[in-house]
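Thank you all for making the time. I would like to walk through one model this morning, beginning with its cysteines and then moving on to charged pairs, a helix packing and a loop residue.

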Amino acid sequence: MAQYRDRFAAGRALAAMFARSLDAARLHDPVVLGLPRGGVPVAVEVASALDAPLDILVVRKLGSPRNPELALGAIGEGDTRVLNHDVIAAERVSPQALARVEESERAELERRAHLLRAGRPAVPLSGRTAVIVDDGMATGASAAVASACARAQGATGVIVAVPVASPESIRLLADSADRVICPFVPAILGGVGAAFDDFHQLTDSEVVDLLEG
């Protein structure tokens with residue numbers, strides 16, 4: 001049985017846990033950053049609850065050439081990168097092949113950042129708390145690179161907030177985020193989508209509308 005009706009319901013549940021588990025006074029001028037596409041509707045609810053500005057932080061998975069669904073790592077805005085060296089070794093991915101994957105994903109990252117912000121500048125993070133929100137974490141690679149990206153842009157604190165996550169992803173984030181907030185951590189995560197009744201693929205136009213809304 002699904003835990004959430006849709007991403008907006010998950011965002012409200014996450015915002016409620018956020019309020020219970022974290023003293024808002026500890027957040028310094030927070031900015032809520034949704035990871036497109038699926039993290040944006042969740043982030044809308046968190047930003048509303050915190051009365052904080054909403055922006056995006058674009059990251060891209062580096063998929064294995066033989067199995068694109070298998071993450072070799074992830075990249076983010078500002079030339080940040082987190083690699084899963086165990087997977088790279090197991091997949092026998094050469095440095096040259098990894099570089100080709102990264103070059104392709106970097107170009108797509110820049111295109112999507114420009115498209116989704118619709119010409120708006122990114123919200124400055126310097127000296128602020130970055131609250132990074134996604135619709136779930138299976139491996140944690142995307143959230144880890146987003147955390148590194150936020151710190152590279154000057155964020156003094158990084159909190160990752162997701163409605164569902166695997167235990168492994170929570171452990172991975174211990175080194176890159178100051179805190180992880182997650183109300184649902186099943187012992188075995190068959191897939192993030194299993195936690196939702198409605199987990200449809202969002203379109204770019206839906207994300208742009210949410211950011212402009």
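**Cysteines, charged pairs and a helix packing**

Let me begin with Cys182, which is buried at a relative accessible area of 10%, and put beside it Cys149, which also counts as buried, in its case at 0% relative accessibility. I should say at once that this is a predicted model, and that the number of disulfides found in it is zero. With a disulfide taken as a pair of cysteine sulfur atoms within 2.5 Å, no pair in this model qualifies, since the count is zero.

Let me turn to the charged side chains. As a reminder, side chains of opposite charge can pair when their charged atoms come close, and in this model the count comes to 16 salt bridges. I will take three of them in turn.

In one of these, Glu45 and Arg12 meet through their side chains, at 3.5 Å from N to O. Glu45 belongs to helix H2, which covers residues 39-50, and Arg12 to helix H1, residues 7-21, so this salt bridge ties together parts of the chain that are 33 residues apart in sequence. As for their surroundings, Glu45 is buried, with a relative accessible area of 19%, whereas Arg12 is partly exposed, at 38%. The value for Glu45 deserves a careful reading, because buried here means under 20%, and Glu45 has 19%.

Next comes the salt bridge between Arg60 and Glu105, whose closest N and O atoms are 2.7 Å apart. This pair links distant parts of the chain, with Arg60 in strand S3, residues 59-63, and Glu105 in helix H4, residues 95-117, a separation of 45 residues. Arg60 is partly exposed, with a relative accessible area of 24%, while Glu105 counts as buried at 16% relative accessibility.

The third pair is Arg112 with Asp204, joined by a salt bridge in which the closest N and O atoms lie 3.2 Å apart. Here, too, distant parts of the chain are linked, as Arg112 sits in helix H4 and Asp204 in helix H7, residues 204-212, with their positions 92 residues apart in sequence. Both Arg112 and Asp204 are buried, and salt bridges with shared partners join Arg37, Arg112 and Asp204 into one network.

What is Arg112 in contact with, once its neighbours within four places in sequence are left aside? The answer is Arg37, Val58, Arg60 and Asp204, and for Arg112 itself the relative accessibility is 7%, which is why Arg112 counts as buried.

Helix H7 also brings me to a packing between helices. H2 and H7 pack with their axes 10 Å apart and at an angle of about 15°, which makes H2 roughly parallel to H7. The contact is made by Val40, Pro41 and Val44 on the H2 side, and by Val207, Leu210 and Leu211 on the H7 side. As to handedness, H2 passes H7 in a left-handed crossing.

Finally, I would point to Phe184, which is found in the loop between strand S8, residues 179-181, and H7. Phe184 is partly exposed, with a relative accessible area of 25%, and, not counting residues up to four places away in sequence, touches Gln3, Tyr4, Pro163, Val164, Ala165 and Ala195. Of these contacts, Ala195 is eleven residues from Phe184 in sequence, and the two are 8.9 Å apart in space, C-alpha to C-alpha.

Terms used:
Residues numbered from 1 in each chain as written. Predicted model: local features only at pLDDT ≥ 70, side-chain atom pairs only at ≥ 80, totals over all residues. Heavy atoms only, no water. Salt bridge = Lys/Arg side-chain N within 4 Å of Asp/Glu carboxyl O. Helix = DSSP H or I, 4+ residues; strand = E, 2+ residues; numbered from the N terminus. Buried < 20%, exposed > 50% of the residue type's maximum accessible area, 1.4 Å probe, protein only. Axes fitted to C-alpha atoms, helices over the stretch in contact; angles between N-to-C directions. Parallel < 35°, antiparallel > 145°, perpendicular 65-115°, else oblique. Left-handed = near helix turned anticlockwise from the far one by under 90°. Contact = heavy atoms within 4.5 Å.
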